[in-house]
Each structure stands twice: as structure tokens, then as C-alpha cells.
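Student: Could you help me learn to read charged side chains in a protein model? I would like to start with the basic idea and then look at a real case.

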Amino acid sequence: MTQTPPYPRILAIAPSTRGFGFVVLEGLALLVDWGSKPTDGKNKNIQAQAKAKALITRYQPSVIVLQNTALENSRRSQRVKRLIEQIAKMAQAHHVTVQLFTHDELKEALLPGGKGTKHELAAIIAQRFPDDLGPQLPSKRRPWESEHSRMDIFYAAALALMPRLKRATRKVQAKA
Amino acid sequence: MASSQLPNYLLSNRKRLSLSQTDVAFLLGAQDGAKVSRYERFAREPSLETALALEVIYQRPVSELFGGLYQKVEKEVGERAKVGAPKAAQTPSNLKNARRAQIFINLANKSFITS
């Protein structure tokens, strides 16, 4: 017997220098879609916004989850901070509630003792979704290597879990 | 706020099995992945035969793969059953008609007895 999911469909977006990772989560633990949307060259934010809009149109999420970079100690670049604000505004225009969580909140909610690396966070996410994301987990980064592009997907998955785990530090209601 | 289900969950099932659209197209007997892409983008519904082939490939029942569509059909059948239930209840009382009436009631109430 099918049932309407009792939880909202969540779209989580994790921008980075390469584009963004995203996850669509339905119900308690059903990953509906996940992946990376690359951007390059000029106008990365315009490219990213177009791709985010396509995801919103396709999946009609009830909630979009993004990283809260409004705090002064956020180390994200100005471009990524602007992109997050732009995606939040676009989500509002599509009548989607936006929830934002800081990096520290993610760590506190998901990592033992609230401490650990991004790879350790990704490993916990891979355990949570072993069939979907387990095979995607990159090997641990060596000091001379750049972060693997797939790490954005795991960060997005961590963001997607946050509405269940914690109240948002900022919640932007959809416009009526 | 709860969401209704998506028309289908073909993409997530394909990704879970690490299959490409070309792989699935081949297994469906299609020339390329374009059809698979259309199904996954909710642009087109597959035929019954293709839906059953997808059940074979993804090892998930059709009703689960096409959750949103199944939800819609279930609701429509339930509404028609509500309309038909009173009439079914008015038929002469015997075991066969009682079972028939009960089926209508169960469909109207979104439950189904198999025995």
C-alpha cells in the first residue's frame, strides 16, 4: 500500500568552487536524487542558479536546506556566500521554505563530540545511505590533493538530514 | 508540510544500481538512452511492458517505482468505489454479493483483502 510521505521533500544544495553538490531526500531516508552540478568559467553563480532552479522545478521540494554563511566567522568565499543568498531568494520566490544551518551545527549534530574532518562526516553519511552513497565515498584526501568534487554531495546529504536533527538557526518562510 | 510522491523513482533506482541510461535502454531493447531520460524527467510514461521490464531491472514493484502515479490511480479508484459501494450493498444477500460489497467498501476505505 503506498502512502504519502509524512515528511517534506527536502532539496539540499552545497555550493563549492566547482559548482554544487545536491541531494533530494524524501521521507525519513529515501534519497530520490543526488549528484554534482558543475560550473566553470565566468558567471558561475548564474550557471548555478539556473541548475538549482531546474532542480526546484523538477522536484517541487517543500524545504530547501543551505549552509548558513551569514556569521562573521564563516570561511566561505564571497561568491559562494552570494550564491547561497541568491538560491535562498529564488526558493522563496518559488514558495519553498528555506532552512539554513552552520558548519558547526552540522558537526555537532553528526560527528561524535562535534569534532572531525569533512571526510569523517562524509563517512558517516555513507554509512547512513550505504547503497546510494557508499560507493561514492572518495578515499581520504592526502595533504597535496584538492578536495574531491564528490564531497559536495556528502555535504549536501548532511545538510538534508539537519531539519530532522535540529532546529534551524535561520528559517526563511516561503512567501504566501 | 507533507509532499505527495513523485510520478516515478526511476532515476534513484538506476543510480543506486550504478547503471547508466544507456545500460537501462539496452536492457529495455531501446536504441539509446533518450527514452529512459524522458521517463526519468517525468516527460513521458512508459508502456505496461516497459514498466514491467523496469520492475525486472530494478527489482522493485511497479507500484513503488511509479509511486506518484500509483497514488493518483489509487485515489481515483477509491473515489469510484465510494460512489459504487451503496449500489453494491443493495444487491440480494448472498455470500458472493456480500464479498463483492465488501470489496467496494474496502477500496473506498483504501484497504484490500486478499484471500
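Tutor: Happy to! Let's begin with a term we will need: a residue is called buried when its relative accessible area is under 20%, exposed when it is over 50%, and partly exposed in between. Keep in mind that this is a predicted model.

Student: Are B:Arg14 and B:Glu40 buried or exposed?

Tutor: Both B:Arg14 and B:Glu40 are buried. B:Glu40 has a relative accessibility of 2%, which is why it counts as buried.

Student: Which salt bridge does B:Arg14 form?

Tutor: The general idea is that a side-chain nitrogen of Lys or Arg lies within 4 Å of a carboxyl oxygen of Asp or Glu. Here, B:Arg14 pairs with B:Glu40, and their closest N and O atoms are 2.5 Å apart. This pair links distant parts of the chain, since B:Arg14 is in helix H1 of chain B and B:Glu40 is in helix H3 of chain B, 26 residues apart.

Student: Where exactly is helix H3 of chain B, and what else is B:Glu40 in contact with?

Tutor: Helix H3 covers residues 34–40 of chain B. Leaving aside neighbours within four places in sequence, the contacts of B:Glu40 include B:Asn8, B:Gln21 and B:Tyr58, and also A:Arg58 from chain A.

Student: How many salt bridges are there over all chains?

Tutor: A search of the whole structure gives 10. One of them is between A:Asp33 and B:Lys15, with an N to O distance of 2.7 Å. A:Asp33 belongs to strand E3 (residues 30–38) of chain A and B:Lys15 to helix H1 (residues 10–16) of chain B, so this pair joins two chains.

Student: How accessible are A:Asp33 and B:Lys15?

Tutor: Apply the cut-offs to each partner in turn. A:Asp33 is buried because its relative accessible area is 3%. B:Lys15 has a value of 25%, so it is partly exposed.

Student: What about a salt bridge within chain A, such as that of A:Glu26 and A:Arg9?

Tutor: Their side chains meet at 2.8 Å, N to O. A:Glu26 sits in strand E2 (residues 19–26) of chain A, while A:Arg9 is in the segment before strand E1 (10–16), so the pair ties together parts that are 17 residues apart in sequence. A:Glu26 and A:Arg9 are both buried.

Student: Which residues are linked in a network of salt bridges?

Tutor: Look in chain A: A:Arg18, A:Lys118, A:Glu147 and A:Asp152 are linked in such a network.

Methods. Residues are numbered from 1 along each chain as its sequence is written. Chains are lettered from A and ligands numbered from 1 in the order in which they are written. This is a predicted model: local features need pLDDT of at least 70, side-chain atom pairs count only at pLDDT 80 or more; totals for chains, interfaces and linings use all residues. Side-chain values use heavy atoms; hydrogens and water are left out. Helices (H or I, at least four residues) and strands (E, at least two) are DSSP runs, numbered from the N terminus. Buried means under 20% relative accessible area, exposed over 50%, partly exposed in between (1.4 Å probe, protein chains only). Contact means heavy atoms within 4.5 Å.
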